[in-house]
Every structure is written in structure tokens, then in C-alpha cells.
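This report covers one burial site, the nonpolar cores, the cysteines and one pocket. The sequence and the model come first.

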Amino acid sequence: YVLKGWVYLRPGSKLTIQPGTVIKGDKDTKASLIVEPGATLIAQGNANNPIVFTSAQAIGQRRPGDWGGLIICGKARNNINNDMQIEGGPKTHHGGTDDDDNSGIISYVRVEFAGYPFAKDKEINGITFGSVGRGTQIDHLQVSYSNDDSYEWFGGSVNCKYLVAYNGWDDEFDTDNGFSGHVQFCLSVRDPKIADVSQSNGFESDNNADGAVI
């Protein structure tokens with residue numbers, strides 16, 4: 001399958017992606033898949049048949065930032081009045097009061113050559129989580145050659161385990177805005193020649209950037 005443009009999974013909708021599926025993101029339109037609060041993504045691969053999101057460019061011509069990335073948004077808490085616009089350009093808002101919210105299953109999934117700098121400090125990451133609740137199953141993921149963070153969480157309570165970050169540009173694992181979930185069993189492999197001007201961290205944790213008490 002070829003993904004073109006920003007494709008939104010609207011509230012109440014459900015998308016199931018079969019094991020072994022390959023989805024290629026279009027470079028010209030900076031394709032991204034955006035799961036909005038109230039929508040459900042079932043992307044459950046397995047060890048022998050992972051689900052792969054990659055660049056639509058020919059093999060050998062794929063580069064970091066060829067396409068946008070995977071964005072998952074939910075209704076769990078964040079510390080910006082429980083209502084934030086997701087980073088990277090999409091208009092989707094995320095947040096609420098349901099820390100048990102369920103956005104689906106993402107398991108045995110690879111995301112490659114993603115990460116789009118929409119504006120300074122407003123990038124789409126390899127995989128972005130916005131207020132995702134702990135009812136969501138997240139495990140056995142690999143993000144390779146991301147043009148920004150490999151993984152970033154904005155608020156939310158989702159628990160994630162068995163995550164691989166390979167040769168990313170910016171941070172490997174980045175949490176913001178009151179993220180309260182658990183992140184376990186992570187592996188990072190870096191190229192020492194690749195780093196963002198803001199410095200690239202294995203794990204970066206921030207709170208409310210403007211310092212307001214909310």
C-alpha cells in the first residue's frame with residue numbers, strides 16, 4: 001500500500017492492518033497516518049511477519065525524513081488543560097481524563113525513514129503518542145532512520161515495552177507534558193556522526209515548556 005498525504009483515522013473508525021503488510025509513505029506529500037482520539041488502530045504483526053511502514057522511494061534511495069510518520073492520539077491526561085494540539089502540523093487535538101483509554105494495538109511494527117520537520121521544534125517523529133491511554137497495547141516496535149525523535153510521548157499513560165531506536169537523528173525516547181506511563185526494555189543503536197543541533201539524547205524528559213502551573 002502507498003500512503004499519500006495526511007491520512008486521518010476519525011473518531012469511531014477502526015483500521016486493521018494484517019501481519020506482513022508493507023505501507024510506503026509518499027515523499028512528495030510527506031504522508032502520515034494520524035489516529036485521532038476515539039479511533040482504533042489494530043496493527044498487530046508478529047515476529048515472522050512484522051508490519052512495516054517505510055519510504056516509497058526505491059531501495060537504495062530511501063533517506064530519513066522521506067515521509068511523516070505514525071501519530072497516535074488518545075483521551076488520557078496531559079498537563080496542558082488536558083487539551084493539546086499534536087506536534088508536527090496536523091490539527092488533531094488530544095487529551096482528556098480517561099487514563100484507561102484504548103487506541104488499539106501496535107505490536108511488531110517497524111517504522112523507517114520517517115520524521116518531517118514541519119517547523120522548528122514542531123516535527124513529526126518516527127512514532128508520536130499524544131495522550132494515549134494505558135488501555136492501548138504497545139510493544140515490539142522498531143523505529144529506524146528517523147529524521148527527528150524515534151519515539152515521543154506528549155502526556156498520556158500508555159505502557160510501552162520492547163522498543164528499538166536505530167540510527168535516529170534527534171532523541172531516541174522523549175517524554176513531555178506529564179507522561180505517566182512505563183517505558184521498559186529499550187535498545188538504542190546510534191551513529192556517532194548523526195545528531196540534531198539541539199543535541200540528541202538517549203532519553204529526554206520535559207514537562208510544560210512555558211513553566212506554567214496547570
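Is Asp66 buried or exposed? In this predicted model, Asp66 is buried, with a relative accessible area of 1%. Asp66 sits in the loop that runs between strand E7 (51–55) and strand E8 (69–73). From there, the side chain of Asp66 reaches the backbone nitrogen of Arg63 at 2.9 Å. Leaving out residues up to four places away in sequence, Asp66 also touches Asp26, Lys27, Lys30, Ser55, Gln57, Gln61 and Phe113.

**Nonpolar cores**

In soluble globular proteins, nonpolar side chains tend to be buried together. Here the largest nonpolar core has 33 residues. The members that touch the most others in this core are Leu41, Phe53, Val111, Phe129, Leu141, Tyr151 and Trp153. For Tyr151, the contacts beyond four places in sequence are Ile127, Phe129, Leu141, Gln142, Val143, Leu163, Val164, Ala165, Glu172, Phe173 and Asp174. A second core, separate from the largest, has 7 residues, among them Ile34, Met84, Ile86 and Phe154.

**Cysteines**

A disulfide is a covalent bond between the sulfur atoms of two cysteines. The structure holds 0 disulfides. The table gives the sulfur distances and the accessibilities for Cys160 and Cys186.

| Cysteine | Closest cysteine sulfur | Relative accessible area | Class |
|---|---|---|---|
| Cys160 | Cys186, 8.4 Å | 1% | buried |
| Cys186 | Cys160, 8.4 Å | 34% | partly exposed |

Cys160 makes no disulfide because its sulfur is 8.4 Å from the closest cysteine sulfur, that of Cys186, which is too far for a bond. A disulfide needs the two sulfur atoms within 2.5 Å. Viewed from Cys186, the closest cysteine sulfur is that of Cys160, at 8.4 Å and again too far for a bond. As for accessibility, Cys160 counts as buried at 1%, whereas Cys186 is partly exposed at 34%.

**Second largest pocket**

The second largest pocket holds about 190 Å³ of space. Its lining consists of Tyr1, Val2, Leu3, Val7, Leu15, Thr16, Ile17, Gln18, Thr21, Ile23, Leu33 and Phe53. Two or more of these residues come from each of strand E1 (2–3) and strand E3 (14–17). Strand E3 supplies the largest share of the lining, 3 residues. Phe53 appears in this lining and is also one of the members that touch the most others in the largest nonpolar core.

Definitions and conventions. Residues numbered from 1 in each chain as written. Predicted model: local features only at pLDDT ≥ 70, side-chain atom pairs only at ≥ 80, totals over all residues. Heavy atoms only, no water. Buried < 20%, exposed > 50% of the residue type's maximum accessible area, 1.4 Å probe, protein only. Core = buried A, V, L, I, M, F, W, Y, C linked by side-chain atoms within 4.5 Å. Contact = heavy atoms within 4.5 Å. Helix = DSSP H or I, 4+ residues; strand = E, 2+ residues; numbered from the N terminus. Polar contact = N/O pair within 3.5 Å; in protein donor to acceptor, adjacent residues only side chain to side chain. 1 Å grid on protein atoms, 1.4 Å probe; cavity = no way out; pocket = protein on both sides within 12 Å on 5 of 7 lines; lining within 4 Å. Points joined across faces, edges and corners; volume = space filled by probe spheres on them.
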